[in-house]
Amino acid sequence: MKRFVTASFFALVLVLLGTRLVSAGGMRQVPNVVAGAQLYDKWFAVLGVQPPQGDMPIWGRQSTNSRSGAETWRCAECHGWDYRGVDGAYATGSHKTGFPSLMIATASLSQEEIIAHLKGANDSQHDFSAYLDDASMQQLAVFLKEGLVDDSKYIDPASLKVIDGDVEHGKSLFDSTCAKCHGADGKKIIFRTEGVDEYLGDVAHRDPYRFLHRTRFGVAGTEMPVGFSLGWTPADGRDVLAYVQSLPEAQTSVEVTGAGEGSTPAPQDVGGPSDNWLSGIFTGILAALGTIGTAILFLFFIVMIGVAVVFVLRRSK
Ligand code: HEC
Ligand code: HEC
């Protein structure tokens with residue numbers, strides 16, 4: 001009897017430890033995908049560094065996109081908010097570069113191959129190793145493998161409206177999670193994008209893919225609940241987009257001729273350095289508290305089991 005109880009106690013502890021490790025392994029991918037997505041958006045803002053001087057060396061291979069400097073170093077500017085490069089929204093318009101889609105390519109590449117590519121293994125001009133540390137490259141690769149969503153079948157290429165979105169469902173998600181900061185009409189935060197003021201409604205209408213990317217993964221340096229961490233499905237994101245497309249716009253007179261035209265790489269100023277490090281410290285403290293909390297709970301649990309076992313052993317004597 002005693003032996004049986006001891007054996008089952010150890011078995012239980014092993015199982016508990018096992019599930020804890022597995023769930024930690026499974027959960028680690030969520031922050032990695034989100035971090036990778038924000039690096040894809042604007043890696044130098046995520047890392048809090050100055051963008052490299054001048055244009056990205058590959059930039060000179062095209063002449064259709066006339067932007068220069070920092071923008072030319074962003075993954076999103078070359079490969080698109082829809083990740084489909086020349087096959088997607090940036091096939092035309094002022095963002096056109098002719099650079100390739102990552103949607104199909106990254107499905108067949110391994111994480112290691114993607115990282116090698118970011119280190120210039122296939123093209124020495126596509127070498128980010130002077131700027132991105134190994135952890136960031138890893139996060140980018142995880143994002144490219146696990147975070148990409150192909151929404152192209154659900155966004156009308158001419159009107160940029162969501163096809164078959166559930167507007168009512170989108171409204172309930174928006175009102176419960178987003179309205180407190182953005183306002184029920186999406187006008188509370190005004191985005192300044194390449195010199196133009198935009199409400200959330202403008203972003204949704206003029207640049208649906210940027211809206212989707214940032215709704216799912218957030219914006220570097222901004223505290224905001226993001227769909228990917230909330231467990232939203234790709235359709236949930238599109239439903240919210242469909243609803244926000246019905247909200248007021250600041251730039252009603254702007255003619256939208258396709259996602260390539262209305263699309264802009266980012267609000268010019270997201271937060272500010274002081275904001276960034278302060279919120280970074282808060283996030284850090286919160287995360288640490290969270291981890292310590294789970295650890296204490298777990299220890300408490302084990303101790304309780306131990307007490308129970310001792311109790312049972314005593315009684316069976
Ligand atoms: C200045 C434009 C530009 C920027 C910025 C850029 N890329 Fe690329 N990327 C390209 C071009 C052009 C190719 C194809 C030629 C080559 O391999 O260099 C490519 C290829 C790739 C490939 C390989 C695709 C395949 O078919 O094998 C991956 C993965 C990739 N890029 C990811 C990224 C990531 C992640 C970032 C941001 C850190 C990024 N790129 C930034 C232009 C760019
Ligand atoms: C805690 C406040 C807060 C909440 C809640 C919040 N946001 Fe945000 N959101 C922000 C801030 C701050 C920014 C960045 C403003 C800036 O560009 O400086 C932002 C930016 C965005 C952007 C990028 C806009 C652009 O110009 O590219 C999108 C899209 C967005 N939010 C959608 C959402 C959605 C959808 C929700 C609900 C899931 C949500 N937000 C919830 C504060 C919030």
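Biologist: When I look at the shell around ligand 1, which helices each supply at least two residues of it?

Modeller: In this predicted model, those helices are α1 (2–47), α2 (75–79), α3 (105–108) and α4 (111–118). The shell itself consists of 25 residues surrounding ligand 1, and the closest are C75, C78, A105, D123 and H126.

Biologist: How many residues of that shell are nonpolar, polar or charged?

Modeller: Sorting the shell around ligand 1 by residue type gives 17 nonpolar residues, six polar ones and two charged ones.

Biologist: Stepping back from the ligand, how many helices and strands does the chain have, and what percentage of its residues is buried?

Modeller: There are 13 helices and two strands in the chain, and buried residues account for 34% of its 317 residues. If one takes the contacts between residues at least 6 apart in sequence, 70% of them join residues at least 24 apart.

Biologist: In the loop between α2 and α3, where Y83 lies, what is the phi of Y83?

Modeller: Phi of Y83 is near 65°, which is a positive value in a residue other than glycine.

Biologist: Why does Y83 count as buried?

Modeller: A residue is buried if 20 or more other C-beta atoms lie within 10 Å of its own, and Y83 counts as buried because it has 27 C-beta neighbours inside 10 Å.

Biologist: Where is L160 placed, and is L160 buried or exposed?

Modeller: L160 sits in the loop between α5 (134–146) and α6 (167–177), and its phi is near 65°, a positive value in a residue other than glycine. Because L160 has 23 C-beta neighbours inside 10 Å, L160 counts as buried.

Key. Residues are numbered from 1 along each chain as its sequence is written. Chains are lettered from A and ligands numbered from 1 in the order in which they are written. This is a predicted model: local features need pLDDT of at least 70, side-chain atom pairs count only at pLDDT 80 or more; totals for chains, interfaces and linings use all residues. A residue is near a molecule or strand if its C-beta atom, placed from the backbone, lies within 6 Å of it. Helices (H or I, at least four residues) and strands (E, at least two) are DSSP runs, numbered from the N terminus. Ala, Val, Leu, Ile, Met, Phe, Trp, Tyr, Cys and Pro count as nonpolar, Asp, Glu, Lys and Arg as charged, and the others, Gly among them, as polar. A residue is buried if 20 or more other C-beta atoms lie within 10 Å of its own, exposed if 12 or fewer, and partly exposed in between; C-beta atoms are placed from the backbone. Two residues are in contact if their C-beta atoms, placed from the backbone, lie within 7 Å.
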